[in-house]
Structures are given as structure tokens and as C-alpha cells.
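Work through the exercises below with the sequence and the structure open. Each task is followed by a solution in steps.

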Amino acid sequence: MTQINKLYHRLRAVVLVAAFLYFAPVCHAQIAELTFQDEQSQQCIAIVNALERDNITGKKLDGNMSVLVFDRYIKSLDPGRHLLTQTDLNDFQPLKQLMYKYLKTGNLGPAFEIFNLYQSRSEQRFEYILKLARSWQTQLDFAKNETLVIDYEHKPFIPDISGLEPLWKKELKNHIINLKINKTSDEEISETLEKIYSNRLAQLSQTQSRDVFHIFMNAVTMSFDPHSQYFAPRVSEDFDIHMKLSLEGIGAVLQNEYEYTKVVRLIPKGPADKSQKLAPGDKIIGVGQGEEGEIKDTIGQRIDDVVKLIRGPKGTFVRLRIIPARKSSVTATISIKRDEVKLEEQSAQKKVVDVTSKGRTYKLGIIEIPNFYIDFDAFHRGEPDYKSTTGDVIKLLEQLKTENIDGLIVDLRDNGGGALKEANDLTGLFLKYGPTVQVKTKFRVSRIYDEDPKILYTGPLVVLINRMSASASEIFAGAIKDYHRGLIVGTQSFGKGTVQELKPLGDGRLKMTSAKFYRISGKSTQHKGVEPDIWFPQIYRTKDTGESALEGALLWDHIDATRYSAYRSLQPMIKPLDDAYKKRAEKSFGIKYLTQRIQLAESLSEQKTLSLNLTERLKTDTAFNKEELALENNYRKQKGEKPLTTLDDIDPEKEEIKEILTEQAKYIAADFITLSHKTGYKWQ
């Protein structure tokens with residue numbers, strides 16, 4: 001027997017003894033232990049080989065990577081640190097350095113042993129909570145001053161098993177307090193707890209070997225980078241790689257964040273986006289059908305199962321129970337009407353506005369581009385009028401020319417990207433010719449060029465971006481900035497500067513990060529994104545959204561700049577334009593309103609602990625709601641509108657935040673036009 005196998009069998013004995021000692025006094029484990037299959041062993045070896053061969057990071061599975069894989073696997077199983085103890089981790093410590101050897105040989109035994117302990121603890125937790133929940137009204141003291149740590153990143157593991165039940169008791173108290181804050185009756189609370197924890201307990205018995213394999217393999221793939229993922233056959237067949245619910249859904253991009261389903265971004269003009277009720281960073285913990293249907297608990301469920309619950313026929317309603325990113329101490333229930341994301345609403349659209357600056361009125365064109373789209377089938381068939389972002393923008397620019405606009409704003413806020421070809425072609429409408437982006441694989445750097453010397457628009461250009469502007473949006477904004485072709489206004493963009501390929505692998509699929517994008521200046525768009533020349537208030541929390549919010553995200557780097565011919569630098573104009581904006585912002589009640597909203601949300605989101613005193617929690621929640629309502633009504637008063645009685649009366653169709661910032665962008669554009677004329681800037 002090899003030294004590694006001896007270690008494995010010794011650890012297995014430790015785990016079994018620990019599980020027996022822990023569970024024996026309470027009950028006999030009812031859930032069968034899971035073991036890996038021979039085909040999974042072979043699939044494991046194939047996945048490891050593919051990652052080492054093709055992933056852009058060039059990482060190799062070694063002792064250091066073993067530690068990363070082990071830690072990520074533990075975190076994926078027990079993110080709340082309420083099942084495994086420090087004693088367990090000490091017992092598993094020898095595995096941390098040797099995990100890579102098990103992986104390279106396809107020995108999944110240690111991974112399954114860890115999972116079986118996690119599974120047993122989960123069973124014990126749900127049984128304990130169920131027993132306590134059936135008499136919670138007499139067993140729990142809601143007047144007691146105690147707290148629950150919710151900062152999982154810095155929360156230590158419980159030293160040993162004796163500390164687990166007190167923690168589970170606190171978690172149940174917090175669950176009940178959340179229900180009480182949502183005005184749930186005691187009878188309904190009892191019914192809800194019984195259903196939720198009985199269902200979670202039942203789900204444990206449905207866990208299969210393939211589920212363990214999928215979880216562990218993703219701990220491996222995502223140790224290389226967060227966008228590399230293994231999709232098991234069931235997942236691979238059931239939904240597309242981006243989890244887009246664009247057809248007869250709500251229009252959201254979702255991902256697993258440990259036991260939660262997290263909203264990554266909303267599809268522009270989709271049902272969720274229009275509702276103004278769901279936001280990036282929100283976590284979905286329950287889904288109900290219809291306006292009054294029972295909400296089913298989704299914590300710990302596979303994302304494909306959650307997606308199935310959210311999907312449904314056009315015109316029907318889906319109810320979501322969420323933990324809002326801006327107010328993570330409570331839960332909220334929202335209702336969204338399912339619909340198709342209409343193609344015409346996803347297309348680039350224009351409008352013309354007048355703005356007066358320094359005694360002169362300018363006519364501005366605004367082109368909003370929700371994403372970078374193209375009808376690839378029509379393009380490959382050679383049809384001359386195939387549908388595309390660039391084709392539509394060309395038509396809009398031609399129309400704007402006839403209206404004699406003085407300046408142009410291209411609005412890429414919330415544009416999650418799309419076709420690389422369209423990012424290149426769209427950039428070409430504003431430049432003579434030259435490279436627009438560099439693409440680096442493990443083996444070489446290639447460049448994509450605009451080869452058409454024709455410039456469709458030569459006037460002053462402002463590009464609006466925000467945290468949700470990603471991928472192709474960042475390529476366009478980065479090129480415009482590097483060529484000094486226009487002014488970038490808004491906030492830091494998403495920061496996704498990597499390219500993924502989908503490769504068949506046995507019965508499943510492997511999504512592999514195979515390349516990185518770089519601007520022509522050599523700067524990466526990865527992690528940092530594109531930074532604006534003039535900064536607006538940061539509406540989206542960078543801690544919850546964007547590439548840098550992903551654990552293990554590849555860091556920013558750079559390569560050599562490529563040769564390109566830039567226009568005259570805009571740097572001398574940026575400070576006076578920024579100073580003028582800041583002076584206006586100081587007097588703008590809209591900007592003050594946004595700033596106060598951000599500060600209010602930040603104060604709550606940064607909480608590390610929650611009080612488990614019911615009176616204190618109700619007091620805190622009431623104070624927050626009162627402050628939020630006062631903030632909204634003060635803003636409405638400034639606009640001459642009637643005050644709201646409750647926050648539920650806010651019109652979801654009104655995009656207040658976007659309009660406040662658009663108004664500021666218009667004045668910046670007007671100042672830009674004035675200054676460029678005065679200083680003789682031209683872009684021809």
C-alpha cells in the first residue's frame with residue numbers, strides 16, 4: 001500500500017469515528033454514504049489534463065494548488081461555517097498538500113469522505129432545527145441580547161462539535177426574526193419552518209454520486225479561475241452556459257454563490273430590469289408561482305432546478321424571496337411578470353435632447369446600446385442587411401446627421417457585452433483605421449483591426465459606462481479612451497477581460513478560460529475594467545458586483561502596447577470638465593439623493609453581526625424604512641411631486657437613477673463641445 005493510500009485510509013477511519021461519536025447520542029444516520037464511480041475517476045483525470053493544458057493561467061496542479069482546491073471545496077460545502085469544525089479541518093490537514101496527487105490519479109475517495117461528513121452534519125442540523133422549530137414559541141427567548149455573526153469571510157470555524165447546536169439555535173432565531181419582520185403570523189411561521197427544513201432534509205437523501213463529483217470538480221476548475229467550470233450531463237443539457245432566462249422568463253443572469261442563487265446582472269429591457277425590484281448582487285432564496293403561490297425554499301438547490309422554477313409561460317407571475325444586496329439583514333418578497341425580452345427593445349435606440357451651457361444651447365444625440373448583438377446566421381449566409389448593433393447604429397447616426405447634432409452620447413450602461421465583431425465594427429465608426437483590441441492566448445498575441453478608413457461620426461463623443469458594462473462594452477470604451485477619441489464618463493466597468501470556450505468532455509462539458517483581452521495600450525480590461533475620465537457616484541457595490549467580486553478572479557496585468565495612431569490627448573480638458581461637473585453636483589438635489597441612498601445602503605450592508613433581540617431588530621428595520629422613505633419624499637418634494645405614504649408606492653417604470661446621471665452626462669457633453677471648439681480639437 002502506498003504512503004498516500006495509507007494516509008487516506010487513516011483519515012477515513014478518523015472521519016468515521018468522528019461521525020459516529022457525534023451522532024450516536026442523538027440518532028442513527030439515515031443517509032447512505034456515497035462513493036465515486038469508475039467513469040468519474042476517468043473524467044476527473046481528463047478534466048485535470050485539459051485544465052493544465054489549455055487554461056490561460058498556465059497553472060499546474062501541485063502542492064500549492066492542492067491547498068487552493070481543498071479550501072475552495074470546504075467553502076463550497078460549508079460557506080456559513082456551521083457544519084464543519086476546526087477539529088475536522090485539523091484531521092483533514094494532511095490532505096491539503098496531497099489533493100493534487102489524488103486528482104491526477106482519479107482517486108476521489110478523500111473528496112467523497114469529506115462530503116459524507118458534511119452530509120451527516122447537515123442531516124443532524126436539520127433534525128435538530130426541526131425538533132426545535134416545533135416548539136420554538138416556548139424554547140426560544142427573543143428578548144435575550146445575543147448576536148449572530150454574518151461576516152462569513154472572517155468568521156472562525158467552531159472549535160469542536162460542542163459548539164454547533166448553540167450556533168444552529170441562533171440561526172433558527174434569526175430565520176424566525178426575519179419572518180416576523182415580514183409580518184408573518186406565528187402559525188404561518190411554524191408551518192413555514194416545518195416545510196422548509198423538512199424539504200431540506202428530504203433533499204439530502206436525494207443527493208447522488210454525480211452531485212458530489214460536480215461540486216468537487218468545480219472546486220478544482222474554479223481554483224484555476226472563476227469562469228472555468230465543469231457542467232455535468234444533466235446541467236449541460238438543460239440550460240445554456242450563461243443561465244440566461246431571456247425567453248419566457250424574467251431576463252436575469254444567475255450563478256451559484258455557494259448555497260445561494262445570486263443575480264449577476266439583469267438583461268436590459270427585460271422583465272426584471274423593468275420591474276426595478278431585482279438588482280445585481282441580490283440572492284434568491286425562494287421561488288413561488290403566481291401572485292399568491294407558495295414560495296418554495298431554494299437554499300442549497302442546484303441552479304438548474306432554481307432556473308426551472310423561475311421560468312414559465314409569458315404573462316404569468318413568479319414570486320422571488322430574496323436577500324437584497326443593499327439590505328442584507330432582512331429578506332424581501334417580490335413579484336415579476338414573465339415576458340419575452342423583445343428584440344426591438346434590445347436594439348440600439350436614439351433620442352435627441354437640447355441642453356444649454358454657458359449661454360448656448362446644444363443639440364445632443366443619445367444612442368443607447370443594451371448589448372452587442374448580431375444575427376450570425378444571416379451574416380454567414382451573406383445577407384447584406386443582417387441585423388447587428390453596428391448596422392443599427394449606422395442608421396441612427398445617419399438620422400442624427402440630418403438633425404445636425406452638436407455632440408453624441410453613446411450609453412453603454414448595463415450593457416453586458418456580446419459579439420466581439422460588433423465591438424470592433426462599432427469602434428470603427430468613430431476611427432479612421434487601426435487595431436481595436438489585443439487577444440492573448442497561452443501561445444501568442446493577436447490583434448483585431450478596423451480596416452475601414454471611413455469615419456461615420458467626427459464630432460465630440462461621450463461614452464457612458466457603469467459597473468454592469470462588461471466584455472465587449474469594455475473593449476469599445478477602452479479603445480475610445482486609448483485613441484483619445486472621446487470622453488469616458490460614469491463608474492468603473494465590470495472588469496471581465498477573459499475569453500471562454502465550451503469543450504465537450506465525456507458526457508459533460510468544460511467551460512475553459514482560454515484567452516484574455518487587452519487594450520491597444522497594453523492594459524488589461526480584466527479585474528480593473530475601464531476607469532472613466534469623470535466619475536459618477538458608484539450605484540452598484542463593487543464588493544457584490546463585477547469581476548473583482550468573484551473569488552479567485554484573475555488579476556489585472558498588461559502586455560506591450562501595439563502600434564496605433566491616437567488623436568490629440570484629451571488630458572488637458574479632463575480637469576476643467578471634472579471641476580465643472582463637481583460644482584454642478586454640489587447643487588444637484590438628484591446627485592445628493594443618490595449619494596445619500598448609497599450611504600444608507602452601505603451602512604446596513606457593512607454589518608458584521610445581527611442582533612437576535614426581536615425588539616432591537618424591529619426597531620432597526622423600522623428606522624431604516626423610515627429613513628429611506630424620508631429620503632425618497634425629500635427628493636420628490638424637490639421635484640414638486642406628492643410624497644409617498646409607503647415605499648411600495650414607488651413607480652417601478654421610472655428609472656430615476658439613470659435619468660439623474662443622464663442629466664449630468666448631458667451637461668458634461670455640452671461643456672466638452674464648448675471646450676473642444678475653443679481649443680481646436682478635431683477627430684477626422
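**Exercise 1: a sheet and its helix**

V462 has L487 as its bridge partner in β15. The model is a predicted one.

Task: find how many bridges join β14 to β15, and which strands stand at the edges of the sheet.

Solution. Step 1: β14 covers residues 461–465 and β15 covers residues 487–490; the two run parallel and are joined by four bridges. Step 2: the sheet is open, has six strands with mixed pairing, and its order reads β9-β10-β11-β14-β15-β18. Step 3: β9 (349–357) and β18 (534–535) each have a single partner strand, so they stand at the edges, with one side of each lacking a neighbour in the sheet. Step 4: helix α22 (residues 656–679) packs on this sheet and touches β9, β10, β11, β14, β15 and β18. The directions of α22 and β10 (360–368) make an angle of about 125 degrees.

**Exercise 2: nonpolar cores**

Task: state which helix gives the most residues to the largest nonpolar core.

Solution. Step 1: the largest nonpolar core holds 71 residues, and Y73, L103, L172, L193, F216 and M217 have the most contacts inside it. Step 2: helix α6 (residues 109–133) gives the most to this core, with 12 residues. Step 3: leaving out residues up to four places away in sequence, L172 touches I129, L132, A133, L140, L193 and Y197. Step 4: a second, separate core has 39 residues, including Y362, I366, I455 and Y593.

**Exercise 3: one residue in a helix**

Task: decide whether V307 is buried or exposed.

Solution. Step 1: V307 lies in helix α13 (residues 303–310). Step 2: its relative accessibility is 1%, and buried means under 20%, so V307 counts as buried.

Note on methods
Residues are numbered from 1 along each chain as its sequence is written. This is a predicted model: local features need pLDDT of at least 70, side-chain atom pairs count only at pLDDT 80 or more; totals for chains, interfaces and linings use all residues. Side-chain values use heavy atoms; hydrogens and water are left out. A nonpolar core is a set of buried Ala, Val, Leu, Ile, Met, Phe, Trp, Tyr and Cys residues joined through side-chain atoms within 4.5 Å. Buried means under 20% relative accessible area, exposed over 50%, partly exposed in between (1.4 Å probe, protein chains only). Contact means heavy atoms within 4.5 Å. Two strands pair if DSSP finds at least two bridges between them. Axes are lines fitted to C-alpha atoms, for helices over the stretch in contact, and angles run from 0 to 180 degrees between N-to-C directions.
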